[in-house]
Structures are given as structure tokens and as C-alpha cells.
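Hello,

Here is the structure I promised to pass on to you. Have a look at it first, and then read my notes below.

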Amino acid sequence: MSRPEATAPIPASPGDAAPEGTVPGRSRQELDFWMNCVGAPLVLMEKQTLTVRYANRNAAILFGVGVEGFGRCSVEELVGREAAQMLGQIWNVAPVGVPGEPFLVHAIVQGQERVLMVQVTRLAIEDEVLRLFTFMDAPPQGSVTLAGWQENVLSLLNWLPFGFEIASADDQIQFANSTFKDMFGYSQDDIADIDDWWRLVYPDPAYREFARSLWYTSIAAARAEDREMTPFDLDVTTASGALRTIQFRHRTIGNFNVNLYIDVTRERAYARELKILADTDPLTGAMNRRRFFEEADRLHAEDDGRTAPVAFLMLDMDHFKTINDRYGHGVGDLVLIEFTRRCRAVLDAQDCFGRMGGEEFAVVLKRPRHQAVLEVAERIRSAVSVRPFLVDSSALPVSVSVGGAICTPGESVGSAISRADNALYDAKKAGRDRVIVDGHR
């Protein structure tokens, strides 16, 4: 399809040294003269708001508005809401003064439905970048098969519940559907260049570098095998400052990059919540028994003889049945919650604390020496018994017995935990409220 003659750049006077497409110091009369020399409707608009700055006589005829009557009317007033939305979705990245590719819009002009063929050219007028729209009636649908397809395809793309983007080989955006704009909140002017995308969407430099590396590495692998990129998730920052988790999908088709953006923020949040519920004791918030043994196996597998050995502490609250019998299970639950809080307060972040059931708890940790393990166990015992538990205006004295064992080379998790259990039994038998680790107090 040939480009309309009207989209040529505005000529400069002989001897002007300004870049192509610029008109330094041109007057309103000179600009009007040039635009009216072209035999097609031309409308010059502010690039960000798409409000009319100038229009030629042919545009006045097309839209039924006097040349002076255009004023600062919006593009929606000229072509209707649907067409205005479409014009806002074309990401014109051609160099200043160079026409963009023609496209079709379904417009309402002077109350009548019309299909217009439009080209957009960026022009720098007196150092201000504006958008020059060339409007022409599209050929009859039957004569240009592609025209009908374009209308249907664009409607389909805007209907899609995920962001859809077509970019050039150098990742400059050519088209973005309405969901893309709603999802990220950025306009063409915000993301005039691919570097703007990386800077705005990933404000943290370290995460930006991670995202950029993942993106280009994944695309290169997909192109090498002529396949779709393996999807992945990234956290992005929208124009409103909100953080969203987006799944990125990509396929190179010909000379274009086709990108899909799926908002999975809610789904990933649900997945995290479900994992927490699956791994956590619902009363105390400690690891449940299953998760505790998973972590114990993981830490044990990491022990290659060069790091601190894995140690286990088994904890049992003394005379807890008496608390339940005397004060009720509601008070007993509150005691378990406070017990968990005190234990966690004296443990390091990497130590794993779990509830085995009832009033029985366990800790898996890595410490370099027997004395260090003994000190952790004593901190737990002291934190529990140092002061009474205040529950429903009652001060309840609570104590805990602790048994511990350090894994020996080649020993299994089950064997070490069994030895810690035996040490706990010895601590109970010796009078409770005490610590025994591998036979030592």
C-alpha cells in the first residue's frame, strides 16, 4: 500500500541547519500554508493529550468543523470514542518526520460511521514534538481484503484479557492493546524507548539487571530453537506505583516480537497462602510436623562435612495437661501460642522450629560445637521459665524440658531425632525444667 503524499515531512527553508522534520521559528501562517497545500485531511495534535493544535481545510471539510473551530478539541470529538481509543493504542516510534505505517479505525464522523485510514507522523515544531494525523477514507472493504481482517483482529486483540504487544526487532513497541495500558498504566510518551520500559517498570537497579538478563537470555534460547520463550514471572511496578506479578510470554514471528503479559498477582498470592497453610501449624504458626521433617532432611543433605553439623532439640512443656484440666483448652491454646513466641525470640532466623503435636515441639539447627547447641537449648529453657505466662489475668508458671542430639557423620535424621527424644526422656526423669544434650547438662 503506497503512503499518502501528505505524510512527507514539513520542508525547511534553504540554509536551515535544523534536523529533518523540524521547523525552527515557523509562524502559524507558514504552518497553515504548508498543511493546506496537501490534498488530504491533516490534523496536528499534542502528543500526550491528543488535543488539536492545528488542522487544514480538508480536515475541516471531513469533520464538518471550521478551521478556526477546531480550537483545542479532543480527538474523541472528531472520530468518536472507539476510534480515539485506537489512536491512543498506536505506538508510533518512527523517527521524527517519517510517516508511520497506515492503519484503519472505525470512526464516527459527523454522526456517521466511517472507516478511516490513518497515518501518524511525529513532527518537531519550534522544538516541540507534536503528532500529525493524516486521515483518509479507507478503500471499500471488498477491494482490500486486509482492511476487514484488520478491523476484526484489532477488536479481538482489545478483547483479550491479557496484555498484548507487538514490537520491532529492537524491542520498540509498535502496538499495544487496551489491556496492556490498563495493566501497566504507561502511555506511548512514557515508554518512547525500550530503556524507558526497563527504568520505569523495574526501578530497583539490581532487580532491573536481573529482569533484563532473564528476558534476553530466555529470548535468545527460544530463537535458537525456533520456539516460544519459556514463560516466567517478574514483579513489575505500574505507573500508579502498585507492584504486580506478571507472567511474560514471547514469540518471535518474522521481523516482529510478539509479547504477552498475564497478570498473575492474585494467583501467586493464593499459591503462597496455600503453601503457608500446608506448611504451618494453624494455632501457633510454627512449622507443622511434615514441613519440619522436610527441612530437617534438607539441612542434613547439605551437610558435606565442611559445615556445622545438624543438631536436633526436642521440647516438651512440663505438666501441660494440668493447665488444660484446670483452666480449659482455650487457655491452653494461648499458652502454646506464647510458648512459640518466646522460643522463636531466642532462635536465629535460619533455625527451624516446628510443632510435633500437642505440647511437643522440635528445633533443627546448625552449630559448630556441642557447647553452642547446649547454649541454644538453655536459652529456650530460660526464656520459657523466666517469668509466668499472663493469660486471662492469670499468671501461670510454665517450664520446658529439652533433649538434644548432634548428628554424627553418616547418621540418619531418624536416628539423631531418636537420640534427642531419649535425652528429653532423661531430662523429664531427672526432674523436668532442664536441658540434656547428648548426655550432658
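**What I found**

Of the 441 residues of the protein, 46% count as buried. Please keep in mind that this is a predicted model. The protein has 14 helices and 18 strands. If you take the contacts between residues at least 6 apart in sequence, 53% of them join residues at least 24 apart.

**The nonpolar cores**

In soluble globular proteins, nonpolar side chains tend to be buried together. Here the largest nonpolar core has 34 residues, and Val43, Phe63, Phe70, Leu78, Val79, Leu87 and Phe135 are those with the most contacts inside it. Phe63 is a good residue to start from: leaving aside its neighbours within four places in sequence, Phe63 is in contact with Val43, Phe70, Leu78, Val79, Val109, Gln110 and Phe135. Another core, of 32 residues, lies apart from that one and includes Leu347, Leu374, Phe389 and Val398.

**A hairpin and a loop**

Gln110, one of the contacts of Phe63, belongs to the hairpin of S4 and S5. Strand S4 (residues 103-109) is mostly covered, with five of its seven residues buried. S4 pairs with strand S5 (residues 112-125) in the antiparallel sense, over seven bridges, and Leu104 has Met117 in S5 as its bridge partner. The hairpin has two residues between the strands, and Gln110 takes a positive phi near 50° there.

Leu50 also has a positive phi, near 55°, in a residue other than glycine. You will find Leu50 in the loop between strand S2 (42-46) and strand S3 (52-55). Is Leu50 buried or exposed? Its relative accessibility is 11%, so Leu50 counts as buried.

**Helix H8**

Helix H8 (residues 205-224) is a nice one to check by hand. At 1.5 Å a residue, its 20 residues should span 28 Å, and the end C-alpha atoms are 28 Å apart, so the two values agree. Which residues of H8 are buried? They are Ala211, Trp215, Ser218, Ile219 and Ala222. These buried residues cover an arc of only 100° around the axis, so they lie on the same side of H8. The face turned away from that buried side carries the exposed residues Pro205, Ala206, Thr217 and Ala224.

What covers the buried residues of H8 includes helix H7 (194-201), strand S9 (232-237), strand S10 (243-253) and strand S11 (256-263). After H8 comes Asp226, which has a positive phi near 50°.

**The five-stranded sheet**

Further along the chain, five strands form an open sheet with mixed pairing, in the order S13-S14-S12-S17-S18. Strand S13 (352-357) and strand S18 (435-437) are the edge strands, each pairing on one side only. On average, neighbouring strands of this sheet are turned by 20° against each other, direction ignored.

Within the sheet, strand S12 (residues 310-317) and strand S14 (residues 360-366) pair over seven bridges in the antiparallel sense. One residue pair to look up is Asp316 with its bridge partner in S14, Glu360.

Two helices are worth viewing together with these strands. Helix H10 (residues 289-302) lies across S12, S13 and S14, and runs at about 135° to S13. Helix H13 (residues 370-385) packs on the sheet and touches S12, S14, strand S17 (400-406) and S18, with its direction at about 160° to that of S18.

**Cys407 and Asp433**

Cys407 sits in the loop between S17 and helix H14 (413-429). With a relative accessible area of 7%, which is under the 20% limit, Cys407 is buried. What surrounds Cys407? Leaving aside its neighbours within four places in sequence, Cys407 is in contact with His300, Pro309, Val310, Phe312, Ser412, Ala416 and Arg419. The C-alpha atoms of Cys407 and His300 are separated by 8.5 Å, while the two residues are 107 residues apart along the chain.

Asp433 is found in the loop between H14 and S18. Although Asp433 is not a glycine, its phi is positive, about 50°. Asp433 is partly exposed, with a relative accessible area of 31%.

I hope these notes help you find your way around.

Best wishes

Methods
Residues are numbered from 1 along each chain as its sequence is written. This is a predicted model: local features need pLDDT of at least 70, side-chain atom pairs count only at pLDDT 80 or more; totals for chains, interfaces and linings use all residues. Side-chain values use heavy atoms; hydrogens and water are left out. A nonpolar core is a set of buried Ala, Val, Leu, Ile, Met, Phe, Trp, Tyr and Cys residues joined through side-chain atoms within 4.5 Å. Buried means under 20% relative accessible area, exposed over 50%, partly exposed in between (1.4 Å probe, protein chains only). Contact means heavy atoms within 4.5 Å. Helices (H or I, at least four residues) and strands (E, at least two) are DSSP runs, numbered from the N terminus. The expected span of a helix is 1.5 Å times one less than its number of residues. The arc is that of the directions from the helix axis to the C-beta atoms. Two strands pair if DSSP finds at least two bridges between them. Axes are lines fitted to C-alpha atoms, for helices over the stretch in contact, and angles run from 0 to 180 degrees between N-to-C directions.
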